[in-house]
Amino acid sequence: MAYRTLNVERTGPLAVIRLARPEQGNPIDRLLLQELDDACAAVNDDAEVRIALVTAEGEVFSRGWAEDELANAVAERRAPPFACLEAMGQPAICAMSGDATSAGLELALACDVRLA
């Protein structure tokens, strides 16, 4: 599946979910949350995948909520924003390089293990 905010690739038993908007600081917005839900579901349903790695392109992991969508993105969701990571059958490892602030830090904390 093609995503606009993420790159997802699988190599053997490893699935890599990579935030893919480095020029914007990898913001967290409604589109990313929806695509992350979809990517986590696809990883969870893949019997070959044993571990998921969450990382980001660029020098910043994530600067957090996109300010123009902050109130709407949170208010429209019924579940916690990153519950999809917690619900996956595979462990999620977050590999952070650079800043992880606001919701970017929340994303990292939703993973089972964090490496910086």
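In the predicted model, strand E4 (residues 51-56) and strand E6 (residues 92-95) run parallel and are joined by three bridges. Within this pairing, Leu 53 is positioned opposite Ile 93 of E6. Both strands belong to an open sheet of five strands, ordered E1-E2-E4-E6-E7, in which the pairing is mixed. Strand E1 (6-11) and strand E7 (113-115) form the edges, each pairing on one side only. The average turn between neighbouring strands of the sheet is 20 degrees, with direction ignored. Helix H1 (residues 30-45) packs on this sheet and touches E1, strand E2 (14-19) and E4. The direction of H1 makes an angle of about 175 degrees with that of E2.

At the level of the whole protein chain, four helices and seven strands are present. Their succession along the sequence follows the pattern β-β-β-α-β-β-α-α-β-α-β. The radius of gyration is 13 Å, close to the 13 Å given by the globule rule for 116 residues, so the chain is as compact as a globular protein of that length. The C-alpha trace spans about 40 × 30 × 25 Å along its principal axes. Of the contacts between residues at least 6 apart in sequence, 73% join residues at least 24 apart. Buried residues account for 43% of the 116 residues. The accessible surface of the protein chain amounts to about 6200 Å², and carbon and sulfur atoms contribute 50% of this area.

Two residues were examined individually. Gly 104 lies in helix H4 (residues 103-110). Its relative accessible area is 0%, so Gly 104 is classed as buried, the cut-off being under 20%. When residues up to four places away in sequence are not counted, Gly 104 touches Ile 28, Phe 61, Ser 62 and Gly 64. The C-alpha atoms of Gly 104 and Pro 27 are separated by 7.7 Å, although these residues are 77 positions apart along the chain.

Arg 21 is located in the loop between E2 and strand E3 (27-28). With a relative accessible area of 11%, Arg 21 also falls under the 20% cut-off and is therefore buried. Apart from neighbours within four places in sequence, the contacts of Arg 21 are Arg 4, Thr 5, Asn 26, Pro 27, Asp 29 and Leu 32. Pro 27 is thus listed among the contacts of Arg 21, and the C-alpha atom of Pro 27 is separated by 7.7 Å from that of Gly 104.

Key: Residues numbered from 1 in each chain as written. Predicted model: local features only at pLDDT ≥ 70, side-chain atom pairs only at ≥ 80, totals over all residues. Heavy atoms only, no water. Pairing = 2+ DSSP bridges. Helix = DSSP H or I, 4+ residues; strand = E, 2+ residues; numbered from the N terminus. Axes fitted to C-alpha atoms, helices over the stretch in contact; angles between N-to-C directions. Contact = heavy atoms within 4.5 Å. Buried < 20%, exposed > 50% of the residue type's maximum accessible area, 1.4 Å probe, protein only. Rg over C-alpha atoms; globule rule 2.2 N^0.38 Å. Areas by Shrake-Rupley, 256 points an atom, 1.4 Å probe, with all protein chains shown as cover.
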